[in-house]
Amino acid sequence: MNKNKGYDRSGEFLALLFRQKDINRWGLMRNVSVETLSEHCYEVAVISHALAVIGNKKFGKNYNVYKIATSALFHDMSEILTGDLPTPVKYYNTEIKTAYKNIEKVAENILIDLLPEDTEEEYKNLFDLTHDERSIIKSADKICAYIKCVDELSAGNKEFVSAEGSIRCQLDLLPLEEVKYFISNYLDAFTKPLDDITLSGGANDI
């Protein structure tokens, strides 16, 4: 299409990515704090990077932490076009799950096709992941979902009680040693109020 006409649509691609801030997640549930797709992708990238670092430093892995973090930033890019399909619908049965995966792939391709040939491969590589890289990002995604539930429960929103229990059970079953280390050593910090988190000089100095 436009690739053959020498028309660089990279600006449109990037402008669409910025639309992530207009897409809200957890659409079926009442939220005290609305979470946008943009926020979610940032948080998944941060946790993915942390898991990869844990793997490298604590367990002798050889993850490309920068590729994993960048891929995580783009992991839900398709939702710019599809929106965030609620989890109970997305995973209702195998047929729906498979169909939605296909839709996600089509949406990714539509977006990447906006890029000129000399740069599109750089973005395609972000979706060309090994099993372990994909597992890190999926685990980070699950951790972020759990943290969201904890935040909502801390704000008194009982809407997330069932989701918190279900996701915590899923987290505890994840096999990656990086995830188990994160849960054992890092996760409790996300339940603490600001004054209980150690800050240089103390929170009262802010």
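This is a guided tour of a predicted protein model, proceeding from the whole chain to selected residues and ending at a pair of helices.

**The whole chain**

Begin with the entire protein in cartoon representation. Its secondary structure consists of 10 helices and zero strands, and the pattern along the sequence is accordingly written α-α-α-α-α-α-α-α-α-α. Taken along the principal axes, the box filled by the C-alpha atoms is roughly 60 × 40 × 40 Å.

Next, display the surface. The protein exposes about 12300 Å², and carbon and sulfur atoms supply 53% of that area. Of the 206 residues, 38% are buried. Among contacts with a separation of 6 or more, 68% are between residues 24 or more positions apart.

**Stop 1: Leu 17**

Select Leu 17, which is placed in helix 1 (residues 10-17). Leu 17 has a relative accessibility of 12% and therefore counts as buried, the limit being under 20%. Show the residues around this side chain: apart from residues up to four places away in sequence, Leu 17 touches Phe 74, Met 77 and Ile 80. For one of these partners, draw a distance between C-alpha atoms: Leu 17 and Phe 74 are 8.7 Å apart in space, with their positions 57 residues apart in sequence.

**Stop 2: His 75**

Move to His 75, in the loop between helix 3 (65-73) and helix 4 (79-82). Is this loop residue buried or exposed? His 75 counts as buried, at 18% relative accessibility.

Now display the polar contacts of its side chain. One is made with the side chain of Asp 76, at 3.1 Å. Another is made with the side chain of His 40, at 3.4 Å. Widen the selection to the full set of contacts, leaving aside neighbours within four places in sequence: His 75 is in contact with His 40, Cys 41, Val 44, Ile 137 and Asp 141.

**Stop 3: Trp 26**

Select Trp 26, located in the loop between helix 1 and helix 2 (37-59). The residue is buried, with a relative accessible area of 15%. Inspect the backbone here: phi of Trp 26 is near 55°, a positive value in a residue other than glycine. Most residues other than glycine have a negative phi.

**Stop 4: Lys 148**

Keep Trp 26 in view and add Lys 148, which lies in helix 8 (residues 131-154). Which residues does Lys 148 contact, once neighbours within four places in sequence are left aside? They are Trp 26, Asn 31, Ser 33, Glu 35 and Phe 160.

Lys 148 counts as buried, at 6% relative accessibility. Two polar contacts of its side chain deserve display. The side chains of Lys 148 and Asn 31 are joined by a polar contact of 3.1 Å. At Ser 33 the partner is the backbone oxygen, which lies 2.5 Å from a polar atom of the Lys 148 side chain.

**Stop 5: Thr 119**

Proceed to Thr 119 in helix 7 (residues 117-124). With 27% relative accessibility, Thr 119 counts as partly exposed. Add Ser 10 to the selection and draw the C-alpha to C-alpha distance: Thr 119 and Ser 10 are 109 residues apart in sequence and 8.8 Å apart in space.

**Stop 6: Leu 173 and the pair of helices 9 and 10**

Select Leu 173, whose place is in helix 9. At 71% relative accessibility, Leu 173 counts as exposed. From its C-alpha, a distance of 11 Å leads to the C-alpha of Ser 139, 34 residues away in sequence.

Then show helix 9 (residues 161-173) together with helix 10 (residues 177-185), and view their axes. How are these two helices oriented relative to each other? The axes come within 9 Å and cross at roughly 125°; helix 9 and helix 10 are therefore oblique to each other.

Finally, display the side chains where the two helices meet. Helix 9 contributes Arg 168, Leu 171 and Asp 172, and helix 10 contributes Val 179, Lys 180 and Ile 183. By class, this contact has three nonpolar, no polar and three charged residues.

Key: Residues numbered from 1 in each chain as written. Predicted model: local features only at pLDDT ≥ 70, side-chain atom pairs only at ≥ 80, totals over all residues. Heavy atoms only, no water. Axes fitted to C-alpha atoms, helices over the stretch in contact; angles between N-to-C directions. Helix = DSSP H or I, 4+ residues; strand = E, 2+ residues; numbered from the N terminus. Parallel < 35°, antiparallel > 145°, perpendicular 65-115°, else oblique. Contact = heavy atoms within 4.5 Å. Nonpolar A, V, L, I, M, F, W, Y, C, P; charged D, E, K, R; others polar. Buried < 20%, exposed > 50% of the residue type's maximum accessible area, 1.4 Å probe, protein only. Areas by Shrake-Rupley, 256 points an atom, 1.4 Å probe, with all protein chains shown as cover. Polar contact = N/O pair within 3.5 Å; in protein donor to acceptor, adjacent residues only side chain to side chain.
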